[in-house]
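Work through the following exercises with the sequence and the model at hand. Each task is followed by a solution in steps.

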Amino acid sequence: MRVLNGVVRLARGPRFRQLLLTRMLSQAGDGIFQISLASFVLFSPEQQTSAGQIAAGFATLLLPYSLVGPFAGVFIDRWRRQRILVYANLVRIVLIVAVAALVAAGVRGALFYAAALSIVGVNRFFLSALSASLPHVVRDDQLVGANSVSVTLGSVSTVVGAGVGLLVRKFAGADDDGAAIIALTAIAGYLLSAIAASRMPSDLLGPDVTVVHAPLRHAFGAVARGIASGAQHVWHRREAGLALAAIGAHRFFYGISTIMTLLLYRYYAGFTDRGLVRDDIAGMGQIIAAGSIGAVVAAAVTPGETRRMGKRRWIVVCFALAAVVEAVLAPTYRQEAYLVAALLLGFAAQGSKICVDTIVQEQIDDEFRGRVFAFYDIVFNVAFVAAAGLAALLLPPDGKSYTVLMLIAAGYAVTAAVYLRSLRSGLPAHPAETRAVPATGAPG
């Protein structure tokens with residue numbers, strides 16, 4: 001009841017509702033577009049994809065953005081974030097049309113990946129701006145609840161979008177033309193998100209400090225200095241740095257698990273259609289849906305648990321749960337068990353991310369938030385790409401490997417233990433940590 005009351009209080013805030021709607025519509029478009037990419041690259045009848053090719057695809061899409069991400073963060077701290085949300089959606093619409101044309105033509109080379117990379121880059125820019133904007137529409141004592149609601153409903157929206165994409169695929173077909181039609185369908189989500197963002201005042205989301213833009217010839221130097229100041233800001237807030245390191249480790253092991261699951265649903269002979277349990281891309285859709293259910297449960301449970309035990313200890317619990325799942329459920333190599341595992345891993349991922357997001361928002365000053373959240377994205381991207389590269393080396397063609405599963409389980413366990421030890425080492429308290437943090441609006 002406490003959590004429900006907190007959600008109701010948040011929902012009464014019109015600006016929070018507008019920002020949440022902007023996120024949900026955009027992430028619904030993301031879900032549709034992801035199904036288009038998966039259909040074209042991973043599950044196309046004409047295409048046989050190995051773990052190495054999957055890893056190369058992720059590297060192509062994520063690593064280049066990791067190099068320019070800090071530059072995006074500086075601009076998030078310089079430009080009106082409301083305008084970023086509007087224009088990022090409009091730019092993605094233009095890029096989606098280009099990608100759809102390439103997909104319809106069956107282009108899978110560098111040109112296709114460059115276009116897809118552009119969409120991923122703009123999307124990361126958009127999400128970083130959303131995270132940096134949240135403290136402007138809710139009180140500091142509502143951040144845990146606001147993160148629970150916004151991140152979770154964003155994830156649910158992605159799943160809904162993926163469901164729409166699968167439905168379109170059923171009627172449009174599994175070939176390249178069908179994948180192009182799915183991609184074009186994603187335009188609806190981005191257009192509606194742009195409209196929702198445009199209804200907010202231009203100065204609502206910050207930044208609070210107006211930065212005088214340097215001349216163009218000095219832009220790169222200004223960005224580099226901004227990155228350095230942002231890194232120094234995090235360095236002096238050790239709790240935020242440790243939280244980012246912990247979530248990076250999680251992303252690494254989660255990435256290995258993701259590549260393994262993709263291969264299992266694509267090639268493992270033991271995964272077949274059995275009643276309601278599906279294989280291939282429909283089975284992956286079920287995995288995504290199960291993970292989202294876990295995320296919704298985490299959003300309901302996390303605020304109360306952080307009120308009871310604190311954010312840092314709840315992160316430890318989430319990672320310990322992930323270790324148990326990888327050691328007990330995953331080695332069964334049964335689809336039913338994998339659905340349960342996806343639900344529990346979704347719970348662990350969302351519970352830990354809500355806490356890390358809140359720690360960063362609390363401890364990082366507003367004029368640095370864009371840079372820090374862009375760096376947050378870099379941690380996510382690099383960790384995932386590194387995981388994909390290691391998975392390509394270790395996994396067999398069908399994805400089944402008990403050794404890799406034990407590696408993932410041990411990694412989660414070690415991460416939980418190291419982070420727990422950091423709690424006992426006496427972290428210096430940041431002012432934001434000296435006050436109680438609410439559970440979705442409740443005292444914490």
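**Exercise 1.** Does Ser-128 count as buried or exposed, and at what relative accessibility?

Solution. The model is a predicted one. Start with the location: Ser-128 is in helix H5, residues 110-133. Next, take the accessibility, which is 2% for Ser-128. The cut-off for buried is under 20% relative accessible area, so Ser-128 counts as buried. Finally, relate Ser-128 to a residue elsewhere in the sequence: Arg-81 is 47 residues apart from Ser-128 along the chain, and their C-alpha atoms are separated by 9.7 Å.

**Exercise 2.** Check the length of helix H10 against the span expected at 1.5 Å a residue, and state how many of its residues are buried.

Solution. Helix H10 covers residues 238-267, which is 30 residues. The expected span is 1.5 Å times one less than the number of residues, so H10 should span 44 Å. The C-alpha atoms at the ends of H10 are 44 Å apart, in agreement with that value. As for burial, 21 of the 30 residues in H10 are buried, so the helix is mostly covered.

**Exercise 3.** Which residues make the nonpolar surface patch of about 450 Å², and which helix gives the largest share?

Solution. The patch is made by Tyr-87, Leu-90, Leu-191, Leu-192 and Ile-195. Two elements give two or more residues to this patch, namely helix H4 (81-104) and helix H8 (187-198). H8 provides the largest share, three residues. For one of the patch residues, look further: Tyr-87 is located in helix H4 and has a relative accessible area of 47%, which makes Tyr-87 partly exposed.

**Exercise 4.** Describe the surroundings of Gln-18, including the residues that Gln-18 touches beyond four places away in sequence.

Solution. Gln-18 is in helix H2, residues 14-42. Its relative accessibility is 17%, so Gln-18 counts as buried. Leaving out residues up to four places away in sequence, Gln-18 touches Arg-199 and Met-200. With Arg-199 there is a polar approach: a polar atom of the Gln-18 side chain lies 3.4 Å from the backbone oxygen of Arg-199.

**Exercise 5.** How many salt bridges does a search of the whole structure find? Place several of them in the helices.

Solution. The search finds 10 salt bridges.

1. Glu-305 and Arg-308 meet through their side chains, at 2.7 Å from N to O. Both residues lie in helix H11 (residues 280-309), three residues apart, or about one turn of the helix. Glu-305 is buried at 19% relative accessible area, whereas Arg-308 is exposed at 59%.
2. Lys-311 and Glu-362 form a salt bridge with an N to O distance of 3.5 Å. Lys-311 belongs to helix H12 (residues 311-328) and Glu-362 to helix H13 (residues 335-363), so this pair ties together parts that are 51 residues apart in sequence. Lys-311 and Glu-362 are both buried.
3. Lys-353 pairs with Asp-357, and the closest N and O atoms are 2.9 Å apart. These two residues are four residues apart in helix H13, about one helical turn. Lys-353 is partly exposed at 21%, while Asp-357 is buried at 2%.
4. Arg-274, Arg-334 and Glu-336 are linked in a network of salt bridges.

Notes:
Residues are numbered from 1 along each chain as its sequence is written. This is a predicted model: local features need pLDDT of at least 70, side-chain atom pairs count only at pLDDT 80 or more; totals for chains, interfaces and linings use all residues. Side-chain values use heavy atoms; hydrogens and water are left out. Buried means under 20% relative accessible area, exposed over 50%, partly exposed in between (1.4 Å probe, protein chains only). Patches are made of residues with over 30% relative accessible area and no salt bridge: like charges are joined within 9 Å, nonpolar side chains (Val, Leu, Ile, Met, Phe, Trp, Tyr) within 5 Å. Accessible areas come from the Shrake-Rupley method with a 1.4 Å probe; for residues, only the protein chains shown count as cover. A salt bridge is a side-chain nitrogen of Lys or Arg within 4 Å of a carboxyl oxygen of Asp or Glu. A polar contact is a pair of N or O atoms within 3.5 Å; within protein, one must be able to donate a hydrogen and the other to accept it, and residues adjacent in sequence count only if both atoms are side-chain atoms. Contact means heavy atoms within 4.5 Å.
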